[in-house]
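Let's take a walk through a protein structure, from the whole chain down to single residues. Have the picture ready and turn it as you read.

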Amino acid sequence: ENIKLFLTEYYAGNYQPVTILMYAIEYKFAGADGTLYHLNNLLLHLLNTVLVFLFIRKISPQNAYAALITATFFAVHPMHVESVAWVSERKDVLYTFFFLIALINYSDYLKTQKSKHLILSTIFYVLSCLSKPAAVILPLVLLLMDYYAGRKLSTKILLEKTHFFLLALIFGVVAIKAQGEALHDTAAVPFIQHFSMVTYSFMTYIAKAFVPVSLSAIYPYPSGYGGDLSPLYYLTIPAAGLLLYFVWHSRKWGKDIIFGFLFFVISIILVLQFKRVGGVTMSDRYTYVPYIGIFFILGRLFENHADTAKGKLKKYKNLLLAVFMLGFTLFSMLTYMRVQIWENDRTLFSDVIKKYPDCGTPYYLLGDHYLDQSAVIADSANKEPNLQQSVASYHNALKCPMNKADKVKVYFNKGCAEFMLKNFQAAFEDFDHAVKLDSRYALAYGNRGTARFQLGDLQGALQDYNKAIELDPQYLDAINNRENVKQMLGINN
C-alpha cells in the first residue's frame with residue numbers, strides 16, 4: 001500500500017518515489033533517529049565523488065589531473081553542504097548518483113557503440129528522474145557529450161536519444177503539476193527587472209564557485225523587487241553577456257571551456273527562476289551537479305598547462321598546483337564551519353537572520369523550532385522559555401513582508417504558543433487574524449473557539465465550533481468541544 005502511494009502521490013510539491021522508498025527503508029531500521037539518514041547522505045556523497053572522478057576520467061582520459069581536481073572540489077565545496085547535511089535533500093545526492101552512472105554508461109556507449117550501455121544509461125536515467133525531477137536535463141547533457149567527443153549532430157544521433165527526450169517530457173509534465181502551487185505570477189513585475197534577477201542569480205552561482213562566502217539557507221528576493229531595484233542587479237545583464245561572449249570566443253582554444261560552461265548552464269537552467277518558484281532567488285543545493293562543469297574547466301586548464309610545461313614554465317605549474325592545494329584547504333575549512341551552522345534549526349535560521357534581518361521566513365521557522373522544542377519538554381519551567389522565544393520569533397516575522405499563506409501559518413502558530421502560555425486573549429486575536437486571512441481554515445476556527453471558551457464567551461465558541469465542523473466534518477476535537485459547550489448552555493440538540 002505504501003509503495004503504491006510513493007509511486008502515485010506527490011510529496012511536498014515533488015514526485016520522488018525512489019527517494020521516499022529509501023526513507024521508508026531507513027525508517028524501518030532506524031525510526032526517527034537521524035544517524036542512519038545522515039550516514040547514508042554522506043556515503044552517497046562519497047560515492048558521487050568517486051563517480052565524478054570516473055566520469056571525467058572517461059571523457060578526458062589524457063591523464064588524471066582534470067578528474068582529480070574536479071572530484072576533489074566537488075567533494076569539499078561549501079555550497080554542497082546543504083545537499084549533504086540536510087537529510088531532506090536526500091533527493092539531491094540520490095538523483096546525482098544515478099545521473100552520473102547514466103553519464104558513465106553513455107560515455108562507454110560513445111566508445112563501443114554497444115546497445116547495452118545505452119540501455120543501462122536509460123535505466124539509470126529513469127531511476128534518477130524518480131529520485132528528483134531535476135534529472136530531466138540529462139538528454140541535453142548527452143548531446144553535449146556528443147559534441148565533446150567530436151560527433152556531428154545528425155538524424156541518427158537524435159533518433160538514438162528519442163526515448164530520453166520522451167522520458168524527459170513525461171517527467172517534466174509530472175514535475176510541473178507537482179509544483180503548480182509553488183509557481184508565482186510575475187506578470188506585474190517589469191520583464192527587464194525579473195530578467196535581471198535571473199542574471200544576478202546566474203552570476204552569483206558562478207562567483208560563489210570561486211568565493212563561497214555569505215552562504216545562506218535562504219536567499220530571499222530583495223525588498224526592491226517589483227519596485228525600485230538596486231542598479232547592481234541590472235549590471236549583471238551585461239556582465240552575463242560578456243561572459244557568454246568569452247565562452248563563445250574560447251572555441252578557438254578547444255572545447256574544454258565550452259563543454260564545462262554548457263554543462264553548468266544546462267544543469268542549472270531549470271532553477272534560474274525564469275518562472276518564479278517559491279520565495280528565494282537561489283539555493284546552495286542547486287549547484288550540486290552544475291559545479292561539476294566549472295570544476296572540469298579548472299581541471300582541464302591545469303591539465304593542459306601541465307602537459308606543456310617545460311623548463312621555466314614548470315615553476316608556474318608548481319605555483320598553480322599550490323594555488324589548488326590552498327583552495328582545497330580553504331574550502332575544506334569553510335565546509336567544516338558551514339556544517340556547524342547546519343547543526344539544528346536554531347543555528348541555521350539564526351544564521352539566516354544575521355544575513356537577511358528583513359526576511360520573515362527565518363523568523364517564523366525559528367518560531368516553529370522553539371514551538372516544537374516546547375512540545376517535547378515535560379518540565380513546565382523549561383517549556384515556558386521556549387514558548388516565549390517562539391512568540392518573540394513569530395512577532396518578528398510579522399514585522400516583515402510575507403505572502404498570505406505564510407502569514408496565516410505565523411498567526412496560527414503564534415496563537416498556539418500564546419494559548420499554551422495561557423495568554424488567551426492574545427491567542428484569540430491571533431486565531432482571529434488567521435481566519436480573516438483564510439476563511440476556510442477549520443483548525444483556526446476550532447482553536448479560536450477554544451480561546452473564546454477560556455475567555456468565557458460560550459456563544460462565540462459554539463459559533464466557531466459549528467464553522468470548524470462545517471469545514472471539516474471529521475474534526476473530532478471540535479465535535480467534542482461543541483457538545484461540552486452545548487451542555488453548559490443547556491442546549492439539548
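What follows starts with the overall picture and then visits a few helices, a surface patch and some charged pairs.

Before anything else, keep in mind that this is a predicted model. The protein chain is built from 23 helices and two strands. If you draw a box along the principal axes, the C-alpha atoms fill roughly 95 × 45 × 45 Å. There are 493 residues in the protein chain, and buried ones make up 50% of them. Look at contacts with a separation of 6 or more, and you'll find that residues 24 or more positions apart account for 70% of them. As for the outside, the accessible surface comes to about 24,800 Å², with 63% of that belonging to carbon and sulfur atoms.

Now pick out helix α4, residues 65-76. Its twelve residues should span 16 Å at 1.5 Å a residue, and the end C-alpha atoms are 17 Å apart, which agrees. Which of its residues are buried? The list is Ala 66, Ala 67, Ile 69, Thr 70, Ala 71, Phe 73, Phe 74 and Val 76.

Jump ahead to α23, which covers residues 476-489. This helix has 14 residues and reaches 20 Å from its first C-alpha to its last, close to the 20 Å expected. Here the buried residues are Ala 478, Arg 482, Val 485 and Lys 486. Looking down the axis of α23, you'd see its buried residues fall within an arc of 100°, so they line one face of the helix. A bit of helix geometry is handy here: an α-helix has 3.6 residues a turn, so residues three or four places apart point the same way. What do the buried residues of α23 pack against? Their partners are α21 (442-454) and α22 (458-471). Turn to the other side of α23 and you meet Leu 476, Asp 477, Gln 487 and Met 488, which are exposed. Just after the helix comes Gly 490, and its phi is positive, near 75°.

For a single buried residue, try Ser 201, which sits in helix α11 (residues 191-210). Its relative accessibility is 1%, so Ser 201 counts as buried. Leaving aside residues up to four places away in sequence, Ser 201 touches Thr 281 and Met 282.

The surface has something to show as well. Ile 3, Leu 7, Leu 21, Ile 25 and Phe 29 make a nonpolar surface patch of about 520 Å². Two helices, α1 (2-8) and α2 (17-30), each supply at least two residues of this patch. Which helix gives the most? That's α2, with three residues. Ile 3, for its part, is found in helix α1, and with a relative accessible area of 51% Ile 3 is exposed.

Let's finish with the charges. Side chains of opposite charge can pair when their charged atoms come close. How many salt bridges does the structure hold? The count is 24. Start with the one between Arg 300 and Asp 256, where the N to O distance is 3.2 Å. Arg 300 lies in helix α14 (residues 291-308) and Asp 256 in helix α13 (residues 256-268), so the pair ties together parts that are 44 residues apart in sequence. Are the two partners buried or exposed? Arg 300, at 6% relative accessibility, counts as buried, and so does Asp 256, at 14%.

Another salt bridge joins the side chains of Glu 160 and Lys 156, at 3.8 Å from N to O. Glu 160 has 10% relative accessibility and counts as buried. Then there's Arg 452, which forms a salt bridge with Asp 457, with the closest N and O atoms 3.6 Å apart. In this pair, Arg 452 counts as buried, at 16% relative accessibility, while Asp 457 is partly exposed, with a relative accessible area of 34%.

One last stop: salt bridges can also be followed from residue to residue here, since Glu 82, Glu 89, Lys 91, Asp 92, Lys 132 and Arg 285 are linked in a network of them.

Conventions. Residues numbered from 1 in each chain as written. Predicted model: local features only at pLDDT ≥ 70, side-chain atom pairs only at ≥ 80, totals over all residues. Heavy atoms only, no water. Helix = DSSP H or I, 4+ residues; strand = E, 2+ residues; numbered from the N terminus. Expected span 1.5 Å × (residues − 1). Buried < 20%, exposed > 50% of the residue type's maximum accessible area, 1.4 Å probe, protein only. Arc of directions from axis to C-beta. Contact = heavy atoms within 4.5 Å. Patch = residues over 30% accessible without salt bridge, like charges linked within 9 Å, V, L, I, M, F, W, Y side chains within 5 Å. Areas by Shrake-Rupley, 256 points an atom, 1.4 Å probe, with all protein chains shown as cover. Salt bridge = Lys/Arg side-chain N within 4 Å of Asp/Glu carboxyl O.
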